[in-house]
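Colleague: Please take me through one pocket in this model, slowly and in plain words. A neighbouring topic for comparison would help too.

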Amino acid sequence: MAQEDQLINPSIHLTVKKVGREQTPIIIVDNFSNDTEQLINYAKYRCDFTTDDSSYYPGVRSALPKTYVNAVLNMLYQTIYDVYQIPPEFLLRPRNYCFSLISHQPEQLMMLQRMPHFDTLSPNYFAILHYLGPHSHGDTGLFRHRPTNWERIDQARSEHYFSAANAHIKQHGEPQAGYFVASDHHFELFDRIEYRPNRLVVYPGNLLHSVLIEPNKDIDSDPTTGRLTANIFVEFTNP
């Protein structure tokens with residue numbers, strides 16, 4: 001793995017897009033890395049991918065190289081502070097970092113994997129997602145919960161959200177088998193983060209989202225052909 005200062009492209013293109021009725025900022029960085037092929041080869045030849053039993057991710061994961069993680073965080077941390085107005089006394093704490101590949105077939109999915117989800121209730125927890133695969137793959141969909149009109153679920157909203165979601169499932173039944181890729185009577189697909197090779201995005205972990213799986217292209221556990229992403233999860237906490 002190259003040195004930290006050689007991993008990040010000095011000519012990145014960074015934009016901030018506000019999405020949905022709640023105008024949530026999303027950081028989008030195109031042409032992020034100098035060498036995504038190096039990361040793909042690292043995943044292919046040096047990683048042991050296994051099912052992530054600590055989450056509902058429908059695939060396999062393996063640890064990212066720390067050199068890459070440090071380079072990403074050193075480049076982005078001040079931008080995250082500024083865009084999301086994190087109190088300056090809060091400290092950035094990495095929570096998890098991994099390569100990810102979708103490998104579950106639609107019929108293997110549990111109920112919670114068949115609907116949009118959020119990662120956490122914490123307001124200062126963020127997902128950093130780097131699209132690595134060089135081919136065309138499914139986007140990341142952003143969803144609104146129709147019964148509440150909420151796009152982000154925090155601690156104050158959680159009890160009512162889960163109550164409304166359970167009531168809806170009790171009345172209308174569980175979501176249909178397969179990946180959740182379009183609006184229905186329960187969730188509205190209001191925006192999407194387009195998959196582009198070497199695009200990196202940052203979004204709050206409490207934003208409702210789902211991968212818009214294209215089964216013939218995205219369900220593949222080979223790092224060279226599958227929907228390989230690098231995922232870094234961080235939280236800013238009061239020391």
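**The second largest pocket**

Modeller: The second largest pocket holds about 240 Å³ of space (an open set of points on a 1 Å grid over the protein atoms alone, where a 1.4 Å probe fits, with protein on both sides within 12 Å along at least five of seven lines; points join across faces, edges and corners, and the volume is what probe spheres set on them fill). Its lining is made by 19 residues, and R114, P175, Q176, F180 and D184 sit closest to the centre (lining means having an atom within 4 Å of a point). Keep in mind that this is a predicted model, where totals for linings use all residues, while local features need pLDDT of at least 70 and side-chain atom pairs 80 or more. Residues count from 1 along each chain, and side-chain values use heavy atoms, without hydrogens or water.

Who builds the wall? α4 gives the most, with 3 residues (helices are DSSP runs of H or I with at least four residues, strands are E runs with at least two, numbered from the N terminus). By class, you'll find 8 nonpolar, 8 polar and 3 charged residues in this lining (Asp, Glu, Lys and Arg are charged; Ala, Val, Leu, Ile, Met, Phe, Trp, Tyr, Cys and Pro nonpolar; the rest, Gly among them, polar).

Now for comparison: the largest pocket has about 980 Å³ of space. There, 38 residues form the lining, with Y56, H117, F118, D119 and H209 closest to the centre. Elements giving two or more residues are β5, β6, α4, β10 and β11, and α4 has the largest share, 5 residues. That lining splits into 23 nonpolar, 11 polar and 4 charged residues.
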